[in-house]
Amino acid sequence: MHHRRWQRNGDPLRLVVDRVPPGLTPQQRLAAKSERRGECLIYAPNWKSADHRKLILASGRWVGAHVLAWELANERSVPSGLFVCHKCDTPPCIEPAHLFLGTPRDNNEDRDRKGRKVIVRGTKSSRWKLTEHQVQQVRTAILAGEQARDLAIRFGVHPETITGAAVGRRWSHVTDPPPLVFVGRGRHGRWAVADP
Ligand SMILES: [Zn+2]
């Protein structure tokens, strides 16, 4: 695998070393690849894999972008045995207010809530997976005017999964908020809560 990367990029590590100008501080490196999406601050939004959310620091240490963000915000390193978890269930989010220190158990629950381990009703591929909590977040965000396209990136799923979560059917058992309908057409339309 490294050999193939070498052929393609000239350097086996280049795939994961973020392509930002040298000499930036860790803060600047995070900021250079982050985008605000709603309340979340998404690192490397065009990449799906957790491998693309790792940075190599000058010390040679590999660190997840969300771990680095927590450490910079709190001005200390993550104590050994603890993990940086997401309140927002959004793995690529590096918004410090959404990050908290958790135990291994919190970290597992965090991961489960994000749907990496739970089997979500009627879905098989991870590209189609959302948890019930995420469906609630999706509907709330869509009612607030966020685009399905942006939410698909934020949650790492197909855009159809986002609209599917919004309108229900598979997710009709999630009722807070209840399933949505698109009222009107095109630019003149808007999302609203469906009548029961
Ligand atoms: Zn977040």
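Of the contacts in the protein with a separation of 6 or more, 45% are between residues 24 or more positions apart, a contact being heavy atoms within 4.5 Å. The model is a predicted one, in which local features need pLDDT of at least 70 and side-chain atom pairs count only at pLDDT 80 or more, while totals for chains, interfaces and linings use all residues. Residues are numbered from 1 along each chain as its sequence is written, and side-chain values use heavy atoms, with hydrogens and water left out. The protein has seven helices and eight strands; these are DSSP runs numbered from the N terminus, with helices being H or I over at least four residues and strands being E over at least two. Buried residues make up 39% of the 196 residues. Here, buried stands for under 20% relative accessible area and exposed for over 50%, with partly exposed in between (1.4 Å probe, protein chains only).

Next comes the metal site. The zinc ion is held by the SG atoms of C40, C88 and C93 plus ND1 of H98, at 2.0 to 2.4 Å. Donors are N, O and S atoms within 2.8 Å of the metal (3.2 Å for Na, K and Ca), and since water is not among the atoms, sites may look incomplete. The four donor atoms of the zinc ion make angles of 107 to 112°, so the site is tetrahedral. That label asks for all angles of four donors to lie between 85 and 135 degrees. Along the sequence, the spacing of the donor residues reads C-x47-C-x4-C-x4-H. Both C88 and H98 lie in the loop between β5 and β6, so the pair ties together parts that are ten residues apart in sequence. C88 is buried, and H98 is too.

The loop between β5 and β6 is also home to D89. This residue has a positive phi of about 55° although it is not a glycine. D89 has 0% relative accessibility, so it counts as buried. For background, most residues other than glycine have a negative phi, and most peptide bonds are trans.

Helix α3 covers residues 65-74, and its buried residues are A65, V67, L68, A69, W70 and E71. They pack against a mix of elements: helix α2 (26-32) and strands β2 (40-43), β3 (54-56), β4 (62-64), β5 (83-86) and β6 (99-102). A65 is part of this helix, and its 2% relative accessibility is why it counts as buried. Leaving aside neighbours within four places in sequence, A65 is in contact with L30, Y43, R53, L55 and I94. A65 and P91 are 26 residues apart in sequence, and their C-alpha atoms are 9.9 Å apart in space.

Right after α3 comes E75, with a positive phi. The value for E75 is near 55°, in a residue other than glycine. E75 sits in the loop between α3 and β5, and because its relative accessibility is 71%, E75 counts as exposed.

Then there is the packing around α7. The axes of α5 (residues 132-143) and α7 (residues 159-167) come within 9 Å and cross at roughly 85°. Axes are lines fitted to C-alpha atoms, for helices over the stretch in contact, and angles run from 0 to 180 degrees between N-to-C directions. The crossing makes α5 roughly perpendicular to α7, a term for angles of 65 to 115 degrees. V135, V138, R139 and I142 of α5 make the contact with I162, A165 and A166 of α7. By class, that gives six nonpolar, no polar and one charged residues. Nonpolar takes in Ala, Val, Leu, Ile, Met, Phe, Trp, Tyr, Cys and Pro; Asp, Glu, Lys and Arg are charged, and the others, Gly among them, are polar.

Helix α6 packs on α7 at an angle of about 110°, with the axes 8 Å apart. That makes α6 roughly perpendicular to α7. From α6, A148, L151, A152 and F155 meet P159, I162 and T163 of α7. This contact divides into six nonpolar, one polar and no charged residues. Within α7, T161, I162, G164, A165 and A166 are buried, and their cover includes α5, α6 (148-155), β7 (180-183) and β8 (190-193).

α7 is followed by G168, whose phi is positive, near 100°. The loop between α7 and β7 contains P177, which is joined to D176 by a cis peptide bond with omega about 0°.

Definitions and conventions
Tetrahedral: all angles 85-135°; square planar, octahedral: opposite > 155°, others 65-115°. Parallel < 35°, antiparallel > 145°, perpendicular 65-115°, else oblique.
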